[in-house]
Amino acid sequence: MEPRIQLTKHLSFYVTTGDSMLEVCNPRTVDADALLNSPPSLAFARKSAVLTAGAGFFTDAYDIFAINLCSYMIGLVYGVDGKLTRSQELGLKIATPVGNLVGQVLFGWLADKWGRKKIYGIELLIMMVATFGQTMAGNGPGVNVFGVLIAWRFIMGQV
């Protein structure tokens, strides 16, 4: 008898050959009927959760990758002869990925300890403060704009 693949209502995949049945994939026992026939209030909550997560991903990705365009403009304003030095450009571009590395470990551990919802809200607040801090960065008598930007980008990278 030829092997057959079945998809059950619990989203499990089975391969059957004759009398034997082998479960290939069970990505959690989810009742497909309950998902498809859920009340409209739950459907709205699910859609709003997806939109919120998508907006969070968009803003996070924008904050991380916009520095390539912004570093050119920062060089025109604060650079020598309209350009950033290699170390200034490297510091601006590498602070966020280093912050990502630290933040993934730190906030992953905190999310396991305190819960993902609580930590997601805290991360969102940190991202907003760090983004606002970057926009307010400037030269001063006791601080260099590049040090301030690198510090804020490191903090923003953690979330």
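Is Asp81 buried or exposed? In this predicted model, the relative accessibility of Asp81 comes out at 77%, so the residue counts as exposed. Asp81 sits in the loop that links helix 3 to helix 4. Its backbone is a bit unusual on paper too: phi is positive, at about 60°, although Asp81 is not a glycine.

Stepping back to the whole chain, the secondary structure adds up to six helices and three strands. The order along the sequence is easy to remember, since it reads β-β-β-α-α-α-α-α-α. The protein chain has 159 residues, and 27% of them are buried. As for the contacts between residues at least 6 apart in sequence, 45% connect residues that are at least 24 apart.

Now for the inside. The largest nonpolar core is built from nine residues, namely Ile67, Ile74, Leu84, Leu92, Ala137, Val145, Phe146, Val148 and Leu149. Two helices, helix 3 (67-78) and helix 6 (145-157), each put in at least two residues of this core. Helix 6 is the top contributor here, with four residues. Leu92 gives a good view of how this core is wired up. With neighbours within four places in sequence left aside, Leu92 touches the core members Ile67, Ile74, Leu84, Phe146 and Leu149. The contact list of Leu92 also takes in Ile150 and Arg153. There is a second core as well, separate from the one just described; it has eight residues, among them Leu110, Ile119, Met156 and Val159.

Helix packing comes next, starting with helix 5 and helix 6. The axes of helix 5 (residues 116-135) and helix 6 approach to within 9 Å, and the crossing angle is roughly 165°. An angle over 145 degrees counts as roughly antiparallel, so that is the label for helix 5 and helix 6. The crossing of helix 5 past helix 6 is left-handed. On the helix 5 side, the contact involves Ile126, Met127, Val129, Ala130, Thr131, Gly133 and Gln134. Helix 6 answers with Leu149, Trp152, Arg153, Ile155 and Met156. Sorted by class, the residues in this contact between helix 5 and helix 6 are eight nonpolar, three polar and one charged. Leu149 of this contact is also listed in the largest nonpolar core, while Met156, likewise part of the contact, belongs to the second core.

Helix 5 has another partner in helix 4 (residues 86-114), where the axes come within 7 Å and cross at roughly 140°. That angle makes helix 4 oblique to helix 5. Helix 4 brings Phe107, Gly108, Leu110, Ala111, Asp112 and Trp114 to the contact, and helix 5 brings Arg116, Lys118, Ile119, Glu123 and Ile126. The class breakdown for helix 4 with helix 5 is six nonpolar, one polar and four charged residues. Ile126 of helix 5 turns up in this contact with helix 4 and in the contact with helix 6.

A few individual residues tie helix 6 to more remote parts of the sequence. Gly157 is in helix 6 and, at 1% relative accessibility, counts as buried. Beyond its neighbours within four places in sequence, Gly157 is in contact with Thr96, Gly99 and Asn100. The C-alpha atoms of Gly157 and Leu101 are 8.2 Å apart, although 56 residues separate the pair in sequence. Ala151, another helix 6 residue, has 39% relative accessibility and so counts as partly exposed. From Ala151 to Gly99 the C-alpha separation is 9.6 Å, with the two residues 52 apart along the chain.

Val105, for its part, is placed in helix 4. With a relative accessible area of 60%, Val105 is exposed. Its C-alpha atom is 9.1 Å from that of Gln158, a residue 53 places away along the chain.

Key: Residues numbered from 1 in each chain as written. Predicted model: local features only at pLDDT ≥ 70, side-chain atom pairs only at ≥ 80, totals over all residues. Heavy atoms only, no water. Core = buried A, V, L, I, M, F, W, Y, C linked by side-chain atoms within 4.5 Å. Buried < 20%, exposed > 50% of the residue type's maximum accessible area, 1.4 Å probe, protein only. Contact = heavy atoms within 4.5 Å. Axes fitted to C-alpha atoms, helices over the stretch in contact; angles between N-to-C directions. Parallel < 35°, antiparallel > 145°, perpendicular 65-115°, else oblique. Left-handed = near helix turned anticlockwise from the far one by under 90°. Nonpolar A, V, L, I, M, F, W, Y, C, P; charged D, E, K, R; others polar.
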